[in-house]
Amino acid sequence: MQWGSSAFVLAVVFFSTHASADPVQKSEDIVKFFTGAADLGKSRGICVGTEEECKSKTKAKDAPAEKSSLDMLINFGLDSAELDTTARAELDEFAKALKDSRLSTFNFVVEGYTDATGTVHYNEGLSQRRAQSVAAFLTASGIEAARINAIGMGEKNPRSPNPYDPLNRRVEMRIKTQ
């Protein structure tokens, strides 16, 4: 997969504890996140004016952007791809969002990740199983399998500089743009 081929990340972060089964994000929030961020990249253009005018326009465009990811906290056991009650509640909200008419034309890539615990080969398999577990839940919830592409990324692209941090054990869902 090319990194430029997907946009708008939904990161599902796996923690070892999460007490409640109430979803962190509601389906409407998820729909608004994906539909509200219609800009799929920086625009390009020519500025006509003085150098100072063009720089001021660029600064306005480069102002802090809206969030580029939406996190959902999910309880996932260490070295596991099984979804617990909390994970199911979170993903149920995501499935509801995908059924919404505003997202019904979008396809998603589900990327599974691990921390650095275990061998590279083992982690690649575990990350694939995590992504497939999420994809299987979504298809069982009525989302067409053709809309979901599950891939394992192993230890790549850690969210935390500490390679063993539980934040690195996650699944990210991206709108597939190609």
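A residue is called partly exposed when its relative accessible area falls between the buried range, under 20%, and the exposed range, over 50%. Keep that scale in mind as you walk through this predicted model.

**Stop 1: Glu-28 and Arg-102**

Start by selecting Glu-28. Its relative accessible area is 32%, so Glu-28 is partly exposed. Now add Arg-102, which at 39% relative accessibility also counts as partly exposed. Zoom in on the two side chains and you will find a salt bridge, with N to O at 2.8 Å. Glu-28 belongs to helix H1 and Arg-102 to the loop between H3 and S3, so this pair ties together parts that lie 74 residues apart in sequence. Keep Arg-102 selected and bring in Asp-100: these two form a salt bridge as well, with their closest N and O atoms 2.9 Å apart. In the whole structure there are eight salt bridges.

**Stop 2: strand S5 and its charged residues**

Next, select strand S5, residues 170-176. Is this strand enclosed or open to the outside? Six of its seven residues are buried, so S5 is largely enclosed by the rest of the structure. Show the side chains of Glu-172 and Arg-174, which form a salt bridge with closest N and O atoms 2.7 Å apart. With a relative accessible area of 7%, Glu-172 is buried, and Arg-174 is buried too, at 11%. Now add Glu-111 and Arg-170 to your selection: salt bridges with shared partners join Glu-111, Arg-170, Glu-172 and Arg-174 into one network.

While Arg-170 is on screen, display Tyr-113. The charged end of Arg-170 sits over the ring of Tyr-113, 3.8 Å from the ring centre.

**Stop 3: the neighbouring strand in the pairing**

Select strand S3, residues 107-112, alongside S5. Which way do the two strands pair, parallel or antiparallel? S3 and S5 pair in the antiparallel sense, over six bridges. To see one bridge, pick Val-110 and look for its partner in S5, Met-173.

**Stop 4: the nonpolar core**

Met-173 leads straight to the next view. The largest nonpolar core has 25 residues, and Leu-138 and Met-173 touch the most other members. Colour the elements that each supply at least two residues of this core: helices H1 (27-36), H3 (85-99) and H4 (120-140), together with strands S3, S4 (148-152) and S5. Which of them gives the most to the core? That is H3, with six residues. As a general point, nonpolar side chains in soluble globular proteins tend to be buried together.

**Stop 5: two rings**

Show Phe-94 and Phe-108, both buried. Phe-94 is in helix H3 and Phe-108 in strand S3, 14 residues apart, and the pair links distant parts of the chain. Turn the view until you can compare the ring planes: they stand at 80°, with the ring centres 5.7 Å apart, so the pair is edge-to-face. The structure's count of aromatic pairs is one.

**Stop 6: two last selections**

For another charge over a ring, choose Arg-129 and Tyr-122. Here the charged end of Arg-129 sits over the ring of Tyr-122, 5.4 Å from its centre.

Finish in the loop between S4 and S5, where you will find Asn-168. Asn-168 has 0% relative accessibility and counts as buried. What does its side chain reach? Follow the side chain of Asn-168 to the backbone nitrogen of Arg-159, at 2.7 Å.

Notes:
Residues numbered from 1 in each chain as written. Predicted model: local features only at pLDDT ≥ 70, side-chain atom pairs only at ≥ 80, totals over all residues. Heavy atoms only, no water. Core = buried A, V, L, I, M, F, W, Y, C linked by side-chain atoms within 4.5 Å. Buried < 20%, exposed > 50% of the residue type's maximum accessible area, 1.4 Å probe, protein only. Helix = DSSP H or I, 4+ residues; strand = E, 2+ residues; numbered from the N terminus. Salt bridge = Lys/Arg side-chain N within 4 Å of Asp/Glu carboxyl O. Pairing = 2+ DSSP bridges. Phe/Tyr/Trp six-rings, centres within 6.5 Å; stacked < 30°, edge-to-face > 60°. Lys NZ or Arg CZ within 6 Å of the ring centre and 35° of its normal. Polar contact = N/O pair within 3.5 Å; in protein donor to acceptor, adjacent residues only side chain to side chain.
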